Amino acid sequence: MIKVISLASVMLFSSVALAGAGAYNTVIQSESMSGSAVASKDAAIAEGKSMIMEINQKSPYELSRSVNYSTNNLVDVNSFELRGSNVTVNEIVNSDGDIAYQPVVNVSYEFKSRDRQ
């Protein structure tokens with residue numbers, strides 16, 4: 001009889017713990033990061049490539065701190081994964097009236113999150 005009661009209480013607590021855990025969902029987001037304006041288009045592309053290489057070397061936790069994600073859900077900061085990236089170059093006019101080139105790195109990433117309870 002004691003074994004039956006013990007087993008029933010263990011199963012009750014296990015089901016409560018699992019019910020509170022909730023399932024994680026995969027969230028996919030993208031973001032643009034701008035670099036410094038430089039004098040030539042080639043220099044802007046080189047800076048953009050350097051930015052991408054830096055992002056690629058980040059751990060999932062470091063990536064979670066480098067990107068902006070807005071959610072009220074619980075986020076697993078160790079689940080961040082880079083899905084893709086590319087560089088574009090914007091032509092801008094600086095305060096002297098000269099044309100400058102600004103690298104823009106577009107990154108797509110995913111992470112796991114779940115609803116708050």
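How many bridges join β2 to β3, and which way do the two strands run? Some notes on that and on the side chains around it, bearing in mind that this is a predicted model.

1. To take the opening question: β2 and β3 run antiparallel, and 15 bridges join them. If you want a spot to start looking, try Ser85, whose bridge partner in β3 is Val107.

2. Zooming out, the sheet is an open one with three strands, ordered β1-β3-β2 and paired antiparallel. β1 (25-34) and β2 are the edge strands, each pairing on one side only. From one strand to the next, the twist averages 15°.

3. Then there's helix α2 (residues 41-56), which lies across β1, β2 and β3. Its direction is at about 20° to β3.

4. On to charges. Searching the whole structure turns up one salt bridge. The partners are Glu110 and Arg83, whose side chains meet at 2.7 Å, N to O. Glu110 sits in strand β3 (residues 99-114) and Arg83 in strand β2 (residues 74-93), so this pair ties together parts 27 residues apart in sequence.

5. Is each partner of that salt bridge buried or partly exposed? Glu110 has 15% relative accessibility and the cut-off for buried is under 20%, so Glu110 counts as buried. Arg83, at 49%, counts as partly exposed.

6. Now the aromatics: the structure has five aromatic pairs. Take Tyr69 and Phe80, with ring centres 5.1 Å apart and planes at 50°, so the pair is tilted. Tyr69 belongs to the loop between α3 (60-66) and β2, while Phe80 belongs to strand β2, so the contact ties together parts 11 residues apart in sequence. Phe80 is buried, with a relative accessible area of 4%, whereas Tyr69 comes out as partly exposed at 23%.

7. Tyr69 also pairs with Phe111, and that pair is tilted too: 5.3 Å centre to centre, with 45° between the planes. Here the loop between α3 and β2 meets strand β3, so the pair ties together parts 42 residues apart in sequence. Phe111 is buried, at 2% relative accessible area.

8. Worth viewing these rings together: ring pairs link Tyr69, Phe80, Tyr109 and Phe111 into a cluster. Among its members, Phe80 lies in strand β2 and Phe111 in strand β3, the two strands joined by the 15 bridges of point 1.

Notes
Residues numbered from 1 in each chain as written. Predicted model: local features only at pLDDT ≥ 70, side-chain atom pairs only at ≥ 80, totals over all residues. Heavy atoms only, no water. Salt bridge = Lys/Arg side-chain N within 4 Å of Asp/Glu carboxyl O. Helix = DSSP H or I, 4+ residues; strand = E, 2+ residues; numbered from the N terminus. Buried < 20%, exposed > 50% of the residue type's maximum accessible area, 1.4 Å probe, protein only. Phe/Tyr/Trp six-rings, centres within 6.5 Å; stacked < 30°, edge-to-face > 60°. Pairing = 2+ DSSP bridges. Axes fitted to C-alpha atoms, helices over the stretch in contact; angles between N-to-C directions. Contact = heavy atoms within 4.5 Å.
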